[in-house]
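Subject: Structure handover

Hello,

Here is the structure I promised to pass on. Please open it first, then read my notes below.

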Amino acid sequence: NLGERREARKCFETVLSSAPDHPLATYFLAQMDYEDGKSDKAYQRLQSSKADMDAVPQALRLAGLLEFRRGSYEQTIKKLNRYLAQNNGDGDALVILARALSAAGNDGEAFRVIAPLARLRIAPEDALKRAAQLAAKADSADAADFAARAKALAADPAKNKVFEAEQAIIGEQWLRASSIYDQLLARPHPQKVMLLNNAAMVQLSLARADDAVKFAKQAHELAPEDPMVKDTLGWILLQTRKDKTAALEHLQEAAAAAPQNPEILWHLAHALAANGKKDDARKLVASLEPVASEGDQAEIDNLLAWL
């Protein structure tokens, strides 16, 4: 996250020296190989590992991309379907999956995959172009709209930036996301609150505490009643250890405004625990268990054990 790639590589190689099939270490080394232009090395690293890549969704994404580059469309489809089952908002992966389906002779399924993305207001140019082609083949009424929107984006590439930033977050490419948000926030934007809120979380992921708090407070000044903005500010104040009391206040207000939002309630439970209200935290965490996913359940168990 901090760009210290050489040191990161040493750490992951140390992990693999004692645990050769460690999934996270395998993935990160393969990802760095790929980013360094060594696609074949990245592919071989993933192929030769006995690690459970389903435990690291981003590894499935990378594996699918590498299979596509090699022309292995059936393998691309299998791996990206497994990845998208856990991360269905990844637009870049959806586009690659649609391309692989088309290359495998299944234009109908390709259109079914990409159409929901293309109908989004922030759909990017490449998705709209692909969707327009597939819609035309399917005699869909959407074809003209997709093509017109793709043309408009081609004339003003900056409009793709919001989507690119969100995709960078999904891909955990924090430095890239930070750079894009810096560009977006440098000029007036109708979605400034959303941009500031997202930029704050990106800075938190980069361990830039002061910048995270700065962006979160700016978003809160513009939309003080928005529960998602309150949640972000409260969570960042808690995670950066800047002000756990204020963090609890913001998260309590966010939960009151959005009482069915499990992520806000999860953040509130942490804030309650940090402020010495462990019984309240325990009750709140227990209430989340019925709606928790398998991955969330492990985190709940860890927090309950600590409480």
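A residue counts as buried under 20% relative accessible area, as exposed over 50%, and as partly exposed in between. Phenylalanine 28 has 29% relative accessibility, so phenylalanine 28 is partly exposed. Its sequence neighbour in the pair described below, tyrosine 27, has a relative accessible area of 7% and is therefore buried. Please keep in mind that this is a predicted model.

**The aromatic rings**

The structure holds three aromatic pairs. One of them joins tyrosine 27 and phenylalanine 28. How is such a pair described? Two values do it: the distance of the centres and the angle of the planes. For tyrosine 27 and phenylalanine 28, the centres are 5.0 Å apart and the planes meet at 50 degrees. That pair is classed as tilted. The rings also form a cluster: Phe12, Tyr27 and Phe28 are linked by ring pairs.

**The whole chain**

How many helices and strands are there? The chain has 18 helices and zero strands. What does the radius of gyration say? For 307 residues, a compact globule would have a value near 19 Å; the chain has 21 Å, which agrees. Along the principal axes, the C-alpha atoms fill a box of roughly 60 × 50 × 40 Å.

Of the 307 residues, 42% count as buried. The exposed area of the chain is about 16,000 Å². Carbon and sulfur atoms supply 50% of that area.

Next, contacts. Take those between residues at least 6 apart in sequence: 48% of them join residues at least 24 apart.

Then charge. The chain carries 39 positive and 43 negative side chains. The centres of the two sets lie 5 Å apart.

**Alanine 255**

One residue to look up is alanine 255, which sits in helix α15, residues 244-257. Is alanine 255 buried or exposed? Its relative accessibility is 8%, so alanine 255 counts as buried. Which residues does alanine 255 touch, leaving aside neighbours within four places in sequence? The contacts are Ile264, Leu265 and Leu268.

Alanine 59 makes a useful second point for finding your way around. Alanine 59 and alanine 255 are 196 residues apart in sequence. In space, their C-alpha atoms are 34 Å apart.

Best wishes

Notes:
Residues are numbered from 1 along each chain as its sequence is written. This is a predicted model: local features need pLDDT of at least 70, side-chain atom pairs count only at pLDDT 80 or more; totals for chains, interfaces and linings use all residues. Side-chain values use heavy atoms; hydrogens and water are left out. Helices (H or I, at least four residues) and strands (E, at least two) are DSSP runs, numbered from the N terminus. The radius of gyration is taken over C-alpha atoms; the globule rule is 2.2 Å times the number of residues to the power 0.38. Buried means under 20% relative accessible area, exposed over 50%, partly exposed in between (1.4 Å probe, protein chains only). Contact means heavy atoms within 4.5 Å. Accessible areas come from the Shrake-Rupley method with a 1.4 Å probe; for residues, only the protein chains shown count as cover. Lys and Arg count as positive and Asp and Glu as negative; His and the chain ends are not counted. The place of a charge is taken as NZ of Lys, CZ of Arg, CG of Asp or CD of Glu. Rings of Phe, Tyr and Trp (its six-membered ring) pair if their centres lie within 6.5 Å; planes under 30 degrees apart count as stacked, over 60 as edge-to-face and the rest as tilted.
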